[in-house]
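Me: I would like to learn how to read a few features of a structural model, beginning with the backbone and ending with the contact between chains. Could we take them one at a time?

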Number of protein chains: 2
Amino acid sequence: MAGILCACSAPKQTGPVQAQWGQAVYPGVWKTSVGNPDKLNLLNAVEATPKAEILNTKSQQEFPINPDEIKISLRNGKTVVRLPLDKEEQIFGLGLNFKTVDQRGRILRLHMDHYSNNDNGRTHAPVPFFISSKGYGLLINSARYIDAYVGTGVRVDSKNPPEARDRNTDSNWSANPYSDNLEFVIPEEGVELILFKGDNMLDVVSRFNLYCGSGFIPPKWGLGFWHRTPTRYTDENVAQEAADFANKNFPLDVIGLEPGWHSKAYPCSFDWDPNRFPDPDQFIQKMNEQNIEVNLWCNPYISPESSMYEQILPYCGTHTVWCGVVPDYTLPEARKVFQQHIKKAQLDKGISGYKIDEVDGNDSWLWPDAAEFPSGTEADQMRSIYGNLVMKTVDKEYRDINKRTYGLVRAVNAGGVSFPYVIYNDNYSHRDFITGIINSSFIGVMWTPEVRGSGSGEEWLRRMQTTCFGPLAQLNAWADGTKPWSYPEVYKQCQEVAFLRMQLLPYFYSAFADYYLQGEPPFRAMNLVEGFDGKTQKIKTKLDATENPYETVQIREVKDQYMVGDNLLVAPLFAGEMERSVVLPKGKWYDFYTGELVGENEIIQVKGSLDKIPLFVRDGGIIPMIPAARQTKAWIEGQPLEIRVYGTADGSFTLYDDDGESYNYEKGAYSIKKLNVQKGETSVEDVKSDGGWSYKDISWKFMTPEK
Amino acid sequence: MAGILCACSAPKQTGPVQAQWGQAVYPGVWKTSVGNPDKLNLLNAVEATPKAEILNTKSQQEFPINPDEIKISLRNGKTVVRLPLDKEEQIFGLGLNFKTVDQRGRILRLHMDHYSNNDNGRTHAPVPFFISSKGYGLLINSARYIDAYVGTGVRVDSKNPPEARDRNTDSNWSANPYSDNLEFVIPEEGVELILFKGDNMLDVVSRFNLYCGSGFIPPKWGLGFWHRTPTRYTDENVAQEAADFANKNFPLDVIGLEPGWHSKAYPCSFDWDPNRFPDPDQFIQKMNEQNIEVNLWCNPYISPESSMYEQILPYCGTHTVWCGVVPDYTLPEARKVFQQHIKKAQLDKGISGYKIDEVDGNDSWLWPDAAEFPSGTEADQMRSIYGNLVMKTVDKEYRDINKRTYGLVRAVNAGGVSFPYVIYNDNYSHRDFITGIINSSFIGVMWTPEVRGSGSGEEWLRRMQTTCFGPLAQLNAWADGTKPWSYPEVYKQCQEVAFLRMQLLPYFYSAFADYYLQGEPPFRAMNLVEGFDGKTQKIKTKLDATENPYETVQIREVKDQYMVGDNLLVAPLFAGEMERSVVLPKGKWYDFYTGELVGENEIIQVKGSLDKIPLFVRDGGIIPMIPAARQTKAWIEGQPLEIRVYGTADGSFTLYDDDGESYNYEKGAYSIKKLNVQKGETSVEDVKSDGGWSYKDISWKFMTPEK
């Protein structure tokens, strides 16, 4: 077959273009398009639909920048977008970074990939969305790899240029002079841009999330404790593990099976292994009887020995991954084959969800950019959206049976915010895990700091404490078979923090409700808290002929503490560190455990103990809690509610509840009560009572001792 | 100004195309073009011209592959090229890599940049040329960033596919199954390809080099010892340094001045600093009187305070580098301003050449890909060729005064082979330096393992020994002011190896002559030696949940020894290692110092000494030497020649000489004598005697003791 020839050999549109922003499509949301963008983009690839009814309740906003200062030009198949930067402006987002928060001064190539210890744009969620500290954000709705120059390029025509300095004599010479612009190169002959303005950065993020479909509420069991068993465990091994958790009295709501459940893995068959799992129905039933949900690891590359292979083959790309075919999930036919298979083989048997591995990278085993797909979707586009496509494909099946799923995935992009998945990876730095949680909150994704192994009991405990304050608390023992009690010297403390999470579930659950109802991330960066001073410091470094020939400036920023919901500040301790500093947002803050005042408008030094993860609550902060239970079943069946009140300021909390397992909440079947404290007087306001209220009675507890 | 609009919105040419290779343009050289390639490419950007008269003397060759197996397709502005790979085939080249030699199994994005410790394609010479162990090579003549999948992608339609394995049970499962193809993605709507076939890999490289313009012969002084003085040295400091070298009796032919000679640096003025160098003419004259040439560091970004700033400004790009403007050296106007300035300010004063810094990267201070240049050359293209352009711009000035230059540069690409420059960088791993020498020989560039500082006297000596067996022997003290005698405990040995280099200059010089006359790299990989077994070993690794979750295969290959010319094998020792293994090509090999047989068809273990760098000579190998002298002037003025003969086999050596300073050799003004040994009988054959013969008399020395 010969190639389709185009009669026209003239260059495509090229030169500067003026974007027409027009009227806001929703309050504080503007959309424009220049040139001839690709038909496929990040949002339409998964039919992401704005939550109009909520967006329309948001405040009206002014267009944040002078439109003439947004320079766009088309160049020989590429689109270049430039925006102005103020001197002190900070830029957040632009992918799931693990080492830096403020991206100003960085160059990123937003490229879906596994994260390899460098914030260069190659990561599990290279979302082309940024938020400016000036209170606006921009989504570049393109599935191509985008180059972002975040305040690095200095132009000859700069309005406010840095001065040239003589490195021979001027100690203020810098290898990276100040830049007053932000430039993006998009390898597409046009692009769709969506600009967001809010009352503050959190409001910008929430409008971005709502525009992309808004967040999700996980099933209640999903917020319990997860344990992934070693890859070659049999049904009996797994049953024994579950029994051990019960005997040891450690929380457990979900057991995750790793590759061994497949008859063939890497690539995957999606058929049960007849030896390790001879009777999956009975196995799953037995687990469910113990109130344990089962989650299955997979990668979506289909083994030649899978029973669905022949059916799905016609809808796959030119290249294989580990010799498995790569379904083109943009095609309904491919989705149908896959969906029918997993429904029959897993969903109908009671499987609660999946861990979708290997949809991120790395380059050396995924398809190359040279690959082709039957839909005509190009390889780089497919790379950018593959995780989203697989989530969407699975999601539909669970919605069809009106059962919430919750799982893990290695790749998410813009448009994935409404899929109930958290990202994980193979990087295992405890500190990076925290920075990951922080950055996930800017871009509409979730990140879990799971626990695997540890060098010491102390490290094990610190990681346990962190995962219990993440979106999905998980011990992943796939390779080394660790258990919560693998470090007996800290088992008691591990138990304590796991049970503390179980007590806090009403608080966590309401935080997720805000994600769905308001687009506000439940786990979020301090930078999204009003009154938090997150200025990045630049520190001069010493010249070293070989190690530091350019005296590169070092950046210091707050990247080791975060918020859960509006009230709870989490400041994890790391192995070997019994003390740390915590930067408090403005106002008074209180110790979660004692209710004591810890500081006001200051950076505090916290002396930690092995037993506890440092937690702080804002003045007037309300934290609803339930009695400790090993499984979420107790919570669903109904528990008394203890409402903790911190500090002396007035406060209120929006407590959300629903059936905890179906998608009926999306049809309005949920309840909301407003918990108020005014001048020491408490009240409970019924806002909505459309089902799923699981709290028997309410008691208040004022944590802060009278002065 | 509005953008030029194109009436046509139809897609560009897309789909598979069949390249027409036609007749060889030179023996073993085929050229083809598909689609609509960019007007600018790597070779025409510097008007690289094939050495037709030499190429035409090469043997005729068959087209090495079935043309139908070279698959090319055009896709929406990109060109994808695919070639077949045999099971054991090795792929060399594809840029100046520092850690790996065989590139098979790697994914590279060929992108001009500083090297940052990862062979990922971002390097100082991302030359899009590869050589196959099957004895052919391919140049992708594109100035765009090219993605290379070197035997990684496995296609569904593979002719001999790997079998899918079950990772659960099959210990032979691999994260990287065997791939039978090589794929390139070129972001251009067509491309020019040039394919080379030779009698062996060295012959392929030589045809590639000859096609790109062939190598150069440095001035004789360039092969002496170089010393770069601390950046803020004054003329008096430098004079003192020169005197110290004389007093200490250490070789010195060139002194390099670092940024301090400029009145302003980073960006550069190219004007002399009135305080540190009040009288450059006198300073240079004084140096020249001591037979010392002066080389000047620079980066080509022009300071607003340079006396050429106003003139060059109109011919610069939209972005600055350290607030200096970036001349568009594709424009004759820009070249002219720069050339006139350096001629008047430096060349006319006797400056011998430049060290051209910062033309490689890194991204965070060079212009972004969003930049525009007055010529219309796109930012990525400019990035790929900038080093070549600056070398060419300077080169012309030296040719105009018929004076050879020799210098250093941080970026070279295809087409730069004929420019007399060696590459250096800020990576300072001694082992990587050797691998750099090896890889430079595949792609028509030179790499120097300069010496800076060291952690110990031993390390200092080992680095000194290596630099003395490189293309440009240099101590770079710009930042830490080290001298050859900074480690007194090893000064004697440093002196010895520096003088040994001076003795070997006739051999080195003839090796460079082969570079110019035959395209054969003077410093070369063992893989280019016939009878060398360079198979890469793959070693299985142990699963580790966090460090090695995919049991990635480890590669072991010979990357710490190399050849100088045809006869001399260099096997450097590294600090802390008094012993090493050396892989000998087939045949007998002899110790350079003693003439003793060291091995035959084997891998030998060499016990080193602190005093010497291990050197070996092939059977029948001839090494012409002169008496040790501190400067090359003695050599030029005429020296007796000692011809060392190793082993017992017959041998011959082509000894080249010329005036050592002008470009007259390019017009045929040089002499060649063939030195022969047959059955122990020696003879000297006059091949060419057109001037520049500087050897007084010839004596033979049979190094290998009779048995």
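Me: Where in chain A is P267(A) placed?

Reply: In this predicted model, P267(A) lies in the loop that runs between β15 (254-257) and α5 (280-289) of chain A. The peptide bond that leads into this residue from Y266(A) is cis, with omega near 5°. In chain B, a cis peptide bond likewise joins Y266(B) and P267(B), where omega is about 5°, and P267(B) is found in the loop between β15 (254-257) and α4 (280-289) of chain B.

Me: Which residue other than glycine has a positive phi, near 65°, and where is N117(A) placed?

Reply: The residue is N117(A), whose phi is near 65° although the residue is not a glycine; N117(A) sits in the loop between β6 and β7 (122-123) of chain A.

Me: What rotation and what shift along its axis superpose chain A on chain B?

Reply: A rotation of 180°, accompanied by 0.0 Å of shift along its axis, brings chain A onto chain B with an RMSD of 0.0 Å. That is the relation of a two-fold axis. The same surface serves both copies, in that 99% of the contact residues of chain A recur in chain B.

Me: How many residues of each chain are in contact, and what area is buried between chain A and chain B?

Reply: Contact counted as heavy atoms within 4.5 Å involves 85 residues of chain A and 85 residues of chain B. The area buried between the two chains is about 7,100 Å², and carbon and sulfur atoms give 56% of that area.

Me: How many salt bridges and how many residue pairs in polar contact are there between chain A and chain B?

Reply: The count of salt bridges between chain A and chain B is 4, and one of them is formed by E372(A) with R75(B), whose closest N and O atoms are 3.3 Å apart. Across the interface there are also 36 residue pairs in polar contact, with both residues at pLDDT 80 or more. Several strands of chain A, including β1 (15-17), β4 (78-84) and β17 (316-321), each supply at least two residues of the side that touches chain B. β17(A) gives the most to that side, with 4 residues, and the residues of the side as a whole divide into 39 nonpolar, 20 polar and 26 charged.

Me: Which strand of chain B is joined to β17(A), and do the two run parallel or antiparallel?

Reply: β17(A) is joined by 2 bridges to strand β11 (residues 154-155) of chain B, and the two run antiparallel. Within this pairing, T320(A) stands opposite V154(B) in β11(B).

Terms used: Residues are numbered from 1 along each chain as its sequence is written. Chains are lettered from A and ligands numbered from 1 in the order in which they are written. This is a predicted model: local features need pLDDT of at least 70, side-chain atom pairs count only at pLDDT 80 or more; totals for chains, interfaces and linings use all residues. Side-chain values use heavy atoms; hydrogens and water are left out. Copies are superposed by least squares on the C-alpha atoms of residues with pLDDT of at least 70 in both. Buried area is the accessible area (1.4 Å probe) that two parts lose on being put together, summed over both. A salt bridge is a side-chain nitrogen of Lys or Arg within 4 Å of a carboxyl oxygen of Asp or Glu. A polar contact is a pair of N or O atoms within 3.5 Å; within protein, one must be able to donate a hydrogen and the other to accept it, and residues adjacent in sequence count only if both atoms are side-chain atoms. Ala, Val, Leu, Ile, Met, Phe, Trp, Tyr, Cys and Pro count as nonpolar, Asp, Glu, Lys and Arg as charged, and the others, Gly among them, as polar. Two strands pair if DSSP finds at least two bridges between them.
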